[in-house]
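Reader: I am new to this structure and would like to understand how its descriptions are justified. Could we go through them one at a time?

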Amino acid sequence: KLLTVSLLGVAIAAGTAQARDYDHVRFGVDVPYEPMEYRTPEGELTGFDIELGNAMCEEIGVTCEWIEQEWDGIIPGLLSRKYDAIMSSMTINDERRETVLFSDAYITPPSAWFAPAELDLEEPTPEALDGMTIGVQRGTLQDNYVTDLYGDVAEISRYSTADDMVLDMEAQRLDIVFLDFPVGKSTLLDSEEREYKVVGETITEPKEYFGDGFGIAFRPRDEALAERFNEALATLKEDGTYDEIYQRYFED
Ligand code: ARG
């Protein structure tokens, strides 16, 4: 009986210790990914993810910190404790669910094909893209999709940052790129360098590739922390904070 009581004591102490671990939360983020996470000309880190993440931290009563990490190593960085969570426009999907724990989705944007306005193309089918050079960010779901469906017919250029990809598009080294819609809109459609367009429809299916919206990723044992963020998200949606941040970045 004594043993049970003391084991229980250890379990409770361990539980409390874990909760106390997180009066400070470090987020891993891959920058730039405008308008989700980027730096202003003054060097200040901002974007929809950053502002929403900061608002959630405030709601929960933790301080938070943003740690920059290249996309390609972003899950390993979480698992090796370089930071405690990933808030970086990461799409929730089954493959990632095997290694990380996701919060509820906080936004659900589609993917889209973006090309220079003069490209003569109606539907971005594999036949139509035969021989073209497609740009994607390495390790994204867009990379997986394009590799599987277009890998045999097109040449695929993979970039470690979305920014490098946009630069190559501006330099006319790519025919077309495939990426999260808000990012293509903000970096290409709103570009002053050249005129761009969306080719075909925006894409959300099949789910195996396009998943279930963007979520915050945690280490699997941090269920309590994920739950606190889910509650904070629900509160910010109810009290109007979420809409206010949303409008700042997505309604022009
Ligand atoms: N949503 C895509 C994915 O989860 C791409 C996200 C890339 N994020 C970033 N901050 N670069 O695969």
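Reader: What span does helix α9 reach, and what is it set against?

Author: This is a predicted model, in which local features need pLDDT of at least 70, side-chain atom pairs count only at pLDDT 80 or more, and totals for chains, interfaces and linings use all residues. Residues are numbered from 1 along each chain as its sequence is written. Helix α9 (helices being DSSP runs of H or I, at least four residues, and strands runs of E, at least two, numbered from the N terminus) covers residues 223-238 and has 16 residues. The expected span is 1.5 Å times one less than the number of residues, and the 23 Å from the first C-alpha of α9 to its last is close to the 22 Å expected.

Reader: What makes the buried residues of α9 line one face of the helix?

Author: Among the buried residues are Leu225, Phe229 and Leu236, where buried requires 20 or more other C-beta atoms within 10 Å of the residue's own, exposed 12 or fewer, and partly exposed lies in between, with C-beta atoms placed from the backbone. The buried residues of α9 fall within an arc of 155° (taken from the directions from the helix axis to the C-beta atoms), so they line one face. The face turned away carries the exposed residues Glu223, Ala224 and Glu238.

Reader: Why is Glu123 called exposed?

Author: Glu123, in the loop between β7 and β8, has 11 C-beta neighbours inside 10 Å and therefore counts as exposed.
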